[in-house]
Amino acid sequence: MMKLTRAVLCLVVLSSALPIRADDARFDLPGPRIDVYVTRGNATLPIAQVPELQPNDKLRVKTDLPATQSNHLLLIVAFLRGTTNEPPDNWFTKIETWKQSSPEGTLIVVPDGAQRAMLFVAPETGGDFNTLRSAVKGNPGLFTRASISLNKASLEQQRIERYITNMQTVALDDEKVIQMRSAKLAAALALKPNADCFKQPVADQVDCLTQTSAPLLLDDGHGQTVADAISTGASSDFFNEAAQSDDATYSAYVGTLIDLVHLVVMMRTAQYQYIPAISFPRGPTLNLKLNAPPSFNKTKSVIVVALPPIQSPRLPTLRPATSTQVFCLANPALMLPLRGEPLLFSTSFAHDLSVEFDASASMAGMPLTPDAFDGGLVRSDTDLARGLQATAGSGPSQAASTVRGTLRGYWGFRAFEGPILTFQRSDDGNWQLTDTNALVAGKDGQVTLQGSDTACISHIVLTSADGCSIPVAFAPVPSGADAMSLKIPLQGKQPGTYSLVVQQYGNAIQKTLPLTAYSADTRLDKVLISLTGDTATIFGKGLENVLSMKVGDQVFSPATQAEDLGSLDLHASHTGFFPKIANAVVTLKDGRVINMRATSENPSATLQLVSLQPMVTPRDGELEVTLGSREDIPLRAVLNFVVQSAGVFPLSQSIEVATADGTLRTTLSFRSESLILQDAHTVVGSVDLYKAFGESAFGELHLRAVQGDGTAGSWITLGKLVRLPHIKDVHCTEFDAPTCVIEGRDLFLSLAFSPTETFESEALVPTGFDEPTFVMSMPASGRWTTLYMRLRDDPQATATVRVPPRDARQ
C-alpha cells in the first residue's frame with residue numbers, strides 16, 4: 001500500500017500542469033444504471049447472481065435513467081467470438097433508451113459461438129450505431145481484451161470495496177478489534193492489508209487500511225499525456241513495481257488497470273473516446289463507476305461495460321477454515337468460516353445457501369448468508385436455535401448430541417455441494433478438568449476441559465470463595481473436538497479453592513467444576529529410595545510442604561524438618577523390596593497429589609556439584625596461557641571442588657575422577673586426605689590432575705561417588721580437560737617479510753596461532769610438528785600485545801597469551 005500511495009502522489013505531480021482535478025483519479029463518478037435479467041431454461045436471475053452466461057440465455061436489458069434525462073443515450077449490446085474472428089452484424093442490438101416502451105426491457109438471446117458480451121453507452125448522433133459496430137468488428141481482439149480486463153477489475157474492486165465498507169464500521173479506539181476484523185475480512189476476501197497500518201496510532205489505523213483509489217490510469221479526454229506517461233517510461237516501471245508488491249492490498253487491481261491504460265490509448269478514435277466502467281451489480285442493476293466524466297462534445301464519449309463471460313459454469317470449491325472444527329447449533333451468532341472462494345463474500349453469485357442435515361437428525365435445513373464482516377456464513381433463520389433445543393435433554397431417547405450436515409446452494413444457475421460439517425446441540429457435557437496439579441497461585445495457568453459438547457460453551461468464569469468472578473479465556477484443542485484449553489487467571493490470587501462456572505448456549509443450567517490454586521514455592525524434582533527400602537529422599541524446593549509419599553503399599557513420612565539443602569529425607573513405615581524404578585505418589589499439605597518416578601538408589605551416592613576451581617601455578621620462564629572457556633580445565637592444575645550428597649556422606653565412601661572413556665581414573669578418599677568432610681552432606685575434594693593422569697590426558701572429565709561396597713553413583717560432568725603449550729617468548733622482526741617467532745615446547749598442542757581475535761590471518765600448526773620455534777606472519781600494525789590460539793584439545797575455544805612489550809623492529 002505504501003508503494004501504491006507513492007504512486008498516487010507521483011501522479012499528482014505528473015498531472016499538476018494539466019486541467020485535471022485530483023478527484024478525477026478515482027472511480028467515483030456514477031454512471032448510468034442498467035438493469036439486466038438473465039433467463040436460462042425456466043429460471044430467471046438478476047445479473048448480480050450470474051457469474052457466467054451461456055449460449056441461448058435470454059437477456060432482458062433496459063436502462064434505469066432519471067425522468068429528467070435530457071440527452072438521448074444509445075445502448076448497444078454486442079457479442080464477440082474471438083480475437084481474430086469479427087462478429088456478424090446481427091450480433092449487435094441497438095436500444096434507443098428514450099424510446100423504451102416495454103417495462104421489461106429489450107429481449108436479447110446470446111448467440112451460439114459467442115464468447116464475450118459487452119454494453120456500449122453513447123450519445124445519439126447520426127451514424128452512431130454503424131460507427132460503433134464498425135469499430136468493434138474492425139478490431140475484435142482489442143475489445144475482447146477490454147472485456148477480460150474490465151471483468152477482472154470489477155470482481156477485484158468488489159472484493160476491495162467490501163473490505164473497505166466493513167472496516168469503516170469498526171470502532172476507531174480499539175486496536176484489538178481493528179486487527180481482528182481486518183484479519184477476518186482479509187482471510188475471507190483473500191486480501192493482504194498493509195501491516196504497516198497497525199504501527200500507526202489506533203485512531204489512524206482504519207483510515208490507513210481503507211485508503212484506496214484507482215490511480216489516474218485512464219484517459220479522461222483531456223489528459224492524454226498523463227496516460228502516455230503512465231503507460232510508457234519510468235512511471236510505467238514504477239506502477240509495475242507497485243503491482244508486483246506483496247505488501248499492497250490492491251496490487252492485483254493496479255496490475256489490471258495498467259492493462260487498461262494501453263487499451264484506452266489504442267481504443268481512442270477520431271469519432272469517440274472510450275471510457276471503461278467498473279461494474280458493481282446489485283440485484284438486477286449494474287451500478288457503474290467511471291473515473292472520467294462523459295463528454296457530449298466532439299470527440300464524444302462511449303462508456304464500455306463488460307457483461308459476465310460466456311463460458312461453462314465453474315463451481316466454487318469450499319473448505320472449512322479449520323478441518324476439525326465443530327459448531328454449536330444453539331449459538332445465536334453461529335458462523336461457519338469457509339475458504340477457497342473469495343467471490344462468495346464479495347458478490348451475490350452464491351444464493352439459496354443452507355446446511356442440509358442427515359436424515360437421522362430429523363431436522364430441517366439451516367439457511368445461511370455469506371458475511372465477510374464475520375469471515376464466514378451466518379445463519380439466516382435466528383429462530384432455529386429454539387427448535388434445535390427442543391430435541392435435546394429430553395431423556396434416554398433424545399437425539400444424538402452431534403449431527404452432520406452438508407452445505408448446499410446455487411452458484412448462479414447451477415446447484416453445488418460444499419463440505420460436510422459437524423454440529424453439536426447443547427447438552428450435559430459430562431466435563432472433567434485435567435492438568436490441574438500445575439495450577440500455582442499468583443501465576444496464570446493452563447488446564448484442559450474434556451467432555452462432550454464443548455463447542456456449545458458460551459462463556460466460563462472463575463469464582464472464588466468471596467464471590468468474585470473473572471472471565472476465563474478458552475479455545476478448542478487442535479488435537480480433538482471434545483476438549484477445550486482454558487487459561488486460568490490466577491495472577492495476584494492466593495492459594496485456595498476456586499470454581500469454574502461453565503455456561504452453554506441455549507441451556508439455562510450452569511455447571512460448576514472445582515479446582516485448587518496451589519502454593520508457588522513447592523517444586524519436586526526427583527525421588528530416590530534406598531536399596532533397603534526403609535528410607536527415601538525427595539529433591540526440589542519448598543519441601544516443607546510435603547506431607548507424605550506412597551510407593552506401592554509403603555508409606556514414607558518426613559524424618560526431620562526440611563532444610564535449605566534442596567532435599568528431604570523420609571522414613572518408611574516398614575522395610576521392603578523395591579524395583580529399580582517405581583511410581584511414587586507425593587501428597588502435599590495444600591492438598592495436591594503429584595505422581596513422580598522413584599529410583600532405587602543410595603542417596604549418599606547421589607552428588608550435586610557446588611563449586612569447581614582449577615588452580616594453576618605459573619612456571620618460571622614461561623608466559624601464562626589464559627583459557628577463554630569456563631568448561632576447559634588445564635591438565636597442569638590442581639582441581640579443587642565441592643560436592644553435596646543427598647543423604648549423609650559416609651566416611652567409607654570415596655569419589656572417583658575419570659576421563660569420559662574410562663581409561664584414566666583416580667580415587668579420592670578421606671584416608672588419603674584428598675577429601676575433607678565439611679558437614680554431613682558436604683565434601684571438599686582436591687586432585688593434582690597432571691600427577692593423577694599424566695601428560696597424555698585430555699577430553700571430558702567427570703566424577704562419581706563410590707560406596708564402601710563398591711556400588712557407584714551417577715557421573716557428574718566437570719568440564720573438558722585440555723593440555724597447553726609451554727611458550728617462553730614471542731618476538732617479531734621487520735625486514736622485507738615481517739615475521740614473528742614463538743619459542744617454547746609442545747607447541748603442537750596449539751591448533752593455530754593468530755595475532756587477531758577473529759583468526760582472519762591465523763597460522764595453522766601442521767600435524768607432526770615438534771619444533772621449539774614456530775614462525776608466523778607479523779600483523780600489519782607492526783605492534784601487538786596478545787597472541788591468540790586455538791587448542792588441539794578444544795578447537796572451539798580460544799586461549800590467549802600476553803606478549804611482553806618490546807620494539808617490533810628488534
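**From one strand residue to the whole chain**

Thr463 lies in strand β24, which covers residues 457–463, and the model in which it is seen here is a predicted one. With a relative accessible area of 17%, Thr463 counts as buried, because the cut-off for that class is under 20%. Leaving aside residues up to four places away in sequence, Thr463 touches Cys468 and Ser469 as well as Tyr498, Ser499 and Val501.

A second strand, β40, shows how burial can extend along a whole element. Strand β40 runs over residues 654–659 and is mostly covered, with six of its six residues buried. The cover is found on both faces of β40: Ser654, Glu656 and Ala658 are buried on one side, while Ile655, Val657 and Thr659 are buried on the other.

The pairing of β40 can be followed to two other strands. With strand β44, formed by residues 699–706, β40 pairs in the antiparallel sense over six bridges, and in this pairing Ser654 has Val706 of β44 as its bridge partner. With strand β41, formed by residues 665–668, β40 again pairs in the antiparallel sense, here over four bridges, and the bridge partner of Val657 in β41 is Thr666. Strands β40 and β41 form a hairpin with five residues between the strands, and in this hairpin Gly662 takes a positive phi near 80 degrees.

Helix α3, which comprises residues 140–167, allows a simple check of geometry. At 1.5 Å a residue, the 28 residues of α3 should span 40 Å, and since the C-alpha atoms at its ends are 41 Å apart, the expected and the computed values agree. As to its surroundings, 21 of the 28 residues of α3 are buried, and the helix is therefore largely enclosed by the rest of the structure. In an α-helix there are 3.6 residues a turn, so residues three or four places apart point the same way.

These elements belong to a chain with eleven helices and 52 strands. Of its 810 residues, 49% count as buried. Among contacts between residues at least 6 apart in sequence, 66% join residues that are at least 24 apart. Turning to the surface, the chain exposes about 38500 Å², of which carbon and sulfur atoms supply 50%.

Conventions:
Residues numbered from 1 in each chain as written. Predicted model: local features only at pLDDT ≥ 70, side-chain atom pairs only at ≥ 80, totals over all residues. Heavy atoms only, no water. Buried < 20%, exposed > 50% of the residue type's maximum accessible area, 1.4 Å probe, protein only. Contact = heavy atoms within 4.5 Å. Pairing = 2+ DSSP bridges. Expected span 1.5 Å × (residues − 1). Areas by Shrake-Rupley, 256 points an atom, 1.4 Å probe, with all protein chains shown as cover.
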